[in-house]
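Let's take a friendly walk through some helices and how they pack. Have a look at the structure first, and then we'll go pair by pair.

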Amino acid sequence: MEKWFKICLLLCLFGVLKELRPSEPFLTQYLVGPWKNLTTDEVYSEIFPVWTYSYFALLVVVFLVTDFLLYKPVIVFEGICYIMTWCVLIWGQGVAAMQGVEFLYAAATATQIAYSTYIYAQVPLSKFQIVTAYTQAALLTGRCIAGILGQVLVATGLCDYYTLNFISLAFVSAATVVAFFLPSVSQSIYFHRGKPKEDDKALGQRDSPQTCHITDGVHQVTSDDTDSVQSDEWTLASVYRLLWIDFKSSFSNAYMLKWSLWWAFAMCGYFQVLNYIQPLWETVAPSGTTNIYNGAVEALHTFLSALATIAIGYAPVNWSVYGEPIIAVISLFEGAMLYLAGTSNELWVTYVTYMAFCITYSVLITIASSEVAKGLKQESYGLVFGINTFLALFFQTILTLIVADSAGLALEPSDQFKVYGGYYFVLGVVFISMAAYNAGRREN
């Protein structure tokens with residue numbers, strides 16, 4: 001077995017274990033239940049918003065620290081944050097303690113960027129596509145198994161919501177142990193840029209000596225732009241210059257900027273839906289009044305999203321031509337699903353609309369990621385992902401402050417979902433307008 005494959009399998013094992021958190025689909029029920037005795041207003045308006053604000057504050061710092069510390073320590077720290085999250089969740093009491101849970105969870109979420117980029121420092125460029133597929137499949141597998149496990153244990157009465165948290169704690173603890181066995185990294189993109197791997201050099205020579213070319217309407221920048229600043233030694237000036245070069249080359253093209261903006265706005269809405277879907281379910285069907293299938297829904301939409309994502313990878317579509325109208329139509333569809341979820345009093349309707357939303361989002365974010373990646377140097381992808389996520393969290397922070405936080409409108413979950421439906425409707429109208437404008441330009 002080749003070394004890169006062993007490293008990939010070890011990282012995938014970490015990815016599966018850290019996502020095996022069967023208590024997560026039932027978090028709201030746990031918090032408002034007899035174990036914590038919190039009110040729904042405290043959970044929705046005082047506790048859940050902390051995740052958004054903390055994630056936004058931590059992301060930029062974590063991105064740079066991940067590169068500076070050479071990935072592995074940050075992956076280990078991610079596992080430790082998950083352990084601390086579940087320890088406080090199990091044994092902490094009161095609003096302040098649960099706000100601490102949200103902060104620790106945000107720290108773990110922010111450090112996931114290390115998981116996503118660690119493997120690129122360990123394998124040759126020719127293996128990037130396959131290891132990306134493996135590591136993302138590991139996350140989806142873990143989430144799917146967690147959803148099924150949680151649902152089965154709750155439905156059969158083998159575990160209550162409190163006991164599920166101990167199972168989650170055991171799995172994230174096992175993931176942390178695995179993280180310690182990951183090989184250390186000797187170089188990174190910005191702070192510890194070393195000599196390119198031989199395999200990377202060979203692939204890079206295919207584009208030499210030119211610095212850019214056009215592929216399917218996408219302006220792609222090669223590595224020549226940064227040759228002059230590659231060095232075994234780093235200074236703050238050289239790091240700043242590398243960041244600026246990668247930022248400028250990544251966002252100076254209108255096509256990539258368009259996809260990145262949709263990515264940021266859509267991710268903002270997606271994060272908000274994920275954060276408040278459980279409060280909506282609790283509002284529609286309060287705990288104890290009916291059988292709930294949160295775990296099954298999470299497992300099913302994860303599985304279907306994975307299938308849809310694979311299928312779209314084989315779709316023979318010229319996204320530079322048809323991307324805008326498809327984004328527009330699906331954004332309008334997502335808006336309709338969220339608005340319907342906000343107006344329905346039937347739990348099964350909110351389940352179905354949530355799954356439809358998540359599946360279509362997964363398809364579009366896959367397309368957006370692919371289209372953005374076409375125009376990037378490989379080492380710029382982490383930066384662009386970080387910037388797009390930062391923008392998404394910036395927009396989400398504003399949205400949370402207005403509609404969910406106790407300092408803002410503090411809308412009921414059903415009213416919030418009507419707002420989120422309108423948000424995606426506006427996004428769809430914007431892209432319909434762009435599609436019509438560009439179609440007119442092409443005809444002229």
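At what angle do helix 3 and helix 5 pack, and how far apart are their axes? Keep in mind that this is a predicted model. The angle is about 35°, and the axes lie 8 Å apart. As for handedness, helix 3 passes helix 5 in a right-handed crossing.

Who does the touching here? On the helix 3 side, the contact includes Glu 42, Phe 48, Trp 51, Tyr 55 and Leu 59. Helix 5 answers with residues including Val 95, Met 98, Phe 103, Tyr 105 and Ala 110. Sorted by class, this contact has 15 nonpolar, three polar and three charged residues.

Helix 3 deserves a closer look. Helix 3 covers residues 40–68, 29 residues in total, and at 1.5 Å a residue that should span 42 Å; the end C-alpha atoms are 41 Å apart, so the two values agree. There is also a kink in helix 3, about 40° and centred on Leu 59. Leu 59 is one of the helix 3 residues that meet helix 5. Just after the helix comes Leu 70, with a positive phi of about 65°.

Now for two other pairs, side by side:

| Pair | Axes come within | Crossing angle |
|---|---|---|
| helix 4 (residues 72–91) and helix 5 (residues 95–110) | 8 Å | roughly 165° |
| helix 11 (residues 254–284) and helix 13 (residues 319–343) | 12 Å | roughly 20° |

Start with the second row. An angle under 35 degrees counts as roughly parallel, so helix 11 runs roughly parallel to helix 13. Their crossing is left-handed. Among the residues of helix 11 that take part are Tyr 255, Lys 258, Trp 259 and Trp 262, and they belong to a contact that also takes in Trp 319, Gly 323, Glu 324 and Ile 327, among others, from helix 13. By class, that contact has nine nonpolar, three polar and two charged residues.

Back to the first row: are helix 4 and helix 5 roughly parallel or roughly antiparallel? The cut-off for antiparallel is an angle over 145 degrees, so helix 4 and helix 5 are roughly antiparallel to each other. Their crossing is left-handed too. Helix 4 brings residues including Glu 78, Cys 81, Tyr 82 and Trp 86 to the contact, while helix 5 offers Met 98, Val 101, Leu 104 and Tyr 105, among others. The class count here is 13 nonpolar, one polar and one charged.

One last thing to spot: Met 98 of helix 5 takes part in the contact with helix 4 and also in the contact with helix 3.

Methods: Residues numbered from 1 in each chain as written. Predicted model: local features only at pLDDT ≥ 70, side-chain atom pairs only at ≥ 80, totals over all residues. Heavy atoms only, no water. Helix = DSSP H or I, 4+ residues; strand = E, 2+ residues; numbered from the N terminus. Expected span 1.5 Å × (residues − 1). Bend = angle between axes of the 7 residues up to and from the residue. Axes fitted to C-alpha atoms, helices over the stretch in contact; angles between N-to-C directions. Parallel < 35°, antiparallel > 145°, perpendicular 65-115°, else oblique. Left-handed = near helix turned anticlockwise from the far one by under 90°. Contact = heavy atoms within 4.5 Å. Nonpolar A, V, L, I, M, F, W, Y, C, P; charged D, E, K, R; others polar.
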